[in-house]
Protein chains: 2
Amino acid sequence: MINIGIIGCGTVGSTVINILDKNSSIIRKRVGCEINIKKVCDKDLSRIRESGLPEKCITDDYMSVLNDPEIDIVVELIGGKTLANDIVLNSIEKGKSVVTANKALISENWDKIFSAALSKKVLVYFEASVGAGIPVIQALHEGLAANRIQSIVGILNGTTNFILTKMTDENMSFEAALKTACKLGFAEADPSLDIDGSDAAQKLSILASISFGSHISVNKIYKEGISRVSPLDIKYARDKFGFVLKLLAIVKTEDKRIFAAVYPAFVSTEHPLSTVENEYNAVYINGDSVGDIMLYGKGAGGGSAASAVVADIIDLSRNIYYGTAGKFPYVLYDKRMKTKIQDISKMNSKYYIRFSTVDRPGVLSKISGILGKRHVSISSCFQEERQRGQSVPILMLTHLAKEGDVKRAIKEIDDLDIIKSKTVVLRIVE
Amino acid sequence: MINIGIIGCGTVGSTVINILDKNSSIIRKRVGCEINIKKVCDKDLSRIRESGLPEKCITDDYMSVLNDPEIDIVVELIGGKTLANDIVLNSIEKGKSVVTANKALISENWDKIFSAALSKKVLVYFEASVGAGIPVIQALHEGLAANRIQSIVGILNGTTNFILTKMTDENMSFEAALKTACKLGFAEADPSLDIDGSDAAQKLSILASISFGSHISVNKIYKEGISRVSPLDIKYARDKFGFVLKLLAIVKTEDKRIFAAVYPAFVSTEHPLSTVENEYNAVYINGDSVGDIMLYGKGAGGGSAASAVVADIIDLSRNIYYGTAGKFPYVLYDKRMKTKIQDISKMNSKYYIRFSTVDRPGVLSKISGILGKRHVSISSCFQEERQRGQSVPILMLTHLAKEGDVKRAIKEIDDLDIIKSKTVVLRIVE
């Protein structure tokens, strides 16, 4: 029998308890033995009582979980970084393996957690931290283990994907779509970490750290949120070019240089990522041998996250039961290894650019002259009819160009008196 | 050091050799030790020599691989069922673990192979047998282990998907699309096992056997191929209803009854499966906890298949190196367990039906009367303008209806003298 202790009994925690009960017969077959929930801790005891567990399993003192020598696996589901960090490091210190869904913790304390796990020969699993029940962390560790990962393009944040879907399908403004997301429960009370790309960057930090074998800190990841996106550009890009806007988390290699960034970008409606709508997540991976792979599913919600947590519990339990846990590390951690992330100004991309100009002869020539001088080459160009207030929108798509060149060119163009308002620049991902 | 012997050095075999060489540094980190290719066997020695391996590794006698006591893992890549069966069972008998990409072998000899593996405490891995490098078998075994699988809908055959994509995008006939597939190398010299659904059924047999914990033989799987599909129905269904036709391999539970079938069916253009085009494969899985998950990638080709074979070799090598191989079975095999597959006539589905009728009053009433009598309820109906030869196409979509009821109704309708040619019936998957 494997004993587990669960700390944090919110939606995910109570669903984990429910699955371990409901699917106990198939789980027993997969593990080889019983998984026993020895203790569940929450500061609100009534939340645990609802799960129907006997009183002796219920506690509001997390130290009683950590200090229980019979508990093999600690499942940390309280979120946050301070207390959760204590719980995880303390569990490792006591020789217990850990399952956590905590993306903030894992992405920030990668080095500390995995060097401790390595030295204590315990395992720390964290499948639910990215894409909830989508088995992407396992795929990177195992199913794609033969590959050098060349790029990952992820839709990793359900809130922003829901908002962008609404803006696309119903032509809503960002503010209206955010309001709808809050009302329907697809956004948290304070959605700022979703909107500004921080949540996606934490998840990208985890995927990138696995793929490149050393910690890629969230601070190294370039970040742009979606709050300034206009439904006008979403509509133009779809109608004129067949593009859909997504908040993408990207890590990719270009000639051995590695770039990592989160930003709103266009993908073609023919790209599988374009059908990932509303609260769904997806991870599009290119490996040097397998080519393109995509994993898709619900990136949040009790059922989906609990599916990943229980899969981790099953795998760990099997390893503990057969005495194989800690014989080899789950995460390849080598403190001497460092992965250098390049500045995004050196990255190549295609761009969608919308200029708002005065209606005067020579405007197009001036703009394209400056772009040309900066080595930004135009692949297509639409000039719309003049609109109210004399502002003429000019839409351009570029060939591959350097981010730094594009930024310098746009800055120079925006300083011209022919430009009526700040030029919109969005990247295109193929 | 883990020693492996590879039998069969075609495209996949030589790519495996290449990956093990090219990515040896990351693979060594993941395994903990070196993977050494001790022997490679092929009846055509020149194919092995091209890989640059030293002469002492090269043989055309597969028994010299099986009889080498230092070889830990036998990689069977010759395909077919007779010799491959001998090789796999003989390897197990000698206590060697096995990696195979052989879907025909695994789906047919499930019981024999996994009961032998269980009793000899060795592992047989077969990730490449379904969807090549897409890590779907691992996902079912591990990442989704907390779930009861409720349905799997797969696009598992690249050849037919390529043909249907051509028929959809370029309005080609089946014959013309098949010719193109052959010319571009997306169809084998004899593509009949692809076209008639046999290949997809073998792969479905494997996915279903894993999901339901006992062998679901390919003979139990209902099968319809794509050779009779007309571009007319593909066009009608897309233009009128927003549907795309795919050859789907489906296993699903309805009130504890399990159905398994391969047939061409329509999916909505909003469904993620609709973007799976050309030679790509995808598996859409519903688990009771995780909800919907999709895994997507190239279902064939040396690189993709070799990615899966090498992932299997890595996982097995690690297990052998740390002495954990065979401590627990990879496939849950219990010979007492049987999964009953229901006759498809009891399955519920929605349908697309195209009648070709004479242009006479009362036709629609007669048809809908017979459908109604058989409890087949119509959700929408289009009657086209009369075409050459007086034949009038009537298109109908149904609500959920029993396959048996639909078949009986259509048989009765096709016997009427108002019907000009055999009615077309295709299922719709949601």
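Here are some friendly notes on this predicted model, taken point by point.

1. Start with how the two chains relate. A turn of 180 degrees, with a shift of 0.0 Å along the axis, lays chain B on chain A with an RMSD of 0.0 Å. That is the relation of a two-fold axis. The contact is shared in kind too: 100% of the contact residues of chain B recur in chain A, so the same surface serves both copies.

2. Next, look along the rotation axis. Which residue of chain B comes closest to it? The residue is B:Leu295, whose C-alpha lies at 2.3 Å from the axis. B:Leu295 belongs to strand 12 of chain B, and A:Leu295 stands opposite it.

3. Stay with that strand for a moment. Strand 12 of chain A covers residues 291–298, and five bridges join it to strand 12 of chain B. The two strands run antiparallel.

4. Now take in the whole contact between the chains. Chain B gives 45 residues and chain A gives 45 residues. On the side of chain B that touches chain A, at least two residues each come from helix 2 (24–31), helix 8 (136–143), strand 12 (291–298) and helix 14 (302–321). Which element of chain B supplies the largest share? Helix 14 of chain B does, with nine residues. Sorted by class, this side of chain B has 21 nonpolar, 15 polar and nine charged residues.

5. Within a single chain, the domains are worth tracing. The assignment for chain A gives domain 1 (2–133 + 302–321), domain 2 (136–298) and domain 3 (345–428). Notice that domain 1 is written as two stretches, 2–133 and 302–321.

6. How far apart are the C-alpha centres of domain 1 and domain 2 of chain A? They lie 28 Å apart. Where these domains touch, domain 1 of chain A brings 15 residues and domain 2 of chain A brings 16 residues. Helix 6 of chain A (residues 103–120) gives the most to the domain 1 side, with seven residues. That side of domain 1 has six nonpolar, five polar and four charged residues.

7. Finally, look inside. The largest nonpolar core holds 296 residues. The members that touch the most other members are A:Val75, A:Leu204, A:Val309, B:Val75, B:Leu204 and B:Val309. To see one of them at work, pick B:Leu204: leaving aside its neighbours within four places in sequence, B:Leu204 is in contact with B:Gly154, B:Leu156, B:Ile221, B:Ala249, B:Val251, B:Ala260 and B:Val262.

Definitions and conventions: Residues are numbered from 1 along each chain as its sequence is written. Chains are lettered from A and ligands numbered from 1 in the order in which they are written. This is a predicted model: local features need pLDDT of at least 70, side-chain atom pairs count only at pLDDT 80 or more; totals for chains, interfaces and linings use all residues. Copies are superposed by least squares on the C-alpha atoms of residues with pLDDT of at least 70 in both. Two residues are in contact if their C-beta atoms, placed from the backbone, lie within 7 Å. Domain bounds come from an automatic or database domain assignment. Helices (H or I, at least four residues) and strands (E, at least two) are DSSP runs, numbered from the N terminus. Ala, Val, Leu, Ile, Met, Phe, Trp, Tyr, Cys and Pro count as nonpolar, Asp, Glu, Lys and Arg as charged, and the others, Gly among them, as polar. Two strands pair if DSSP finds at least two bridges between them. A nonpolar core is a set of buried Ala, Val, Leu, Ile, Met, Phe, Trp, Tyr and Cys residues joined through C-beta atoms within 7 Å. A residue is buried if 20 or more other C-beta atoms lie within 10 Å of its own, exposed if 12 or fewer, and partly exposed in between; C-beta atoms are placed from the backbone.
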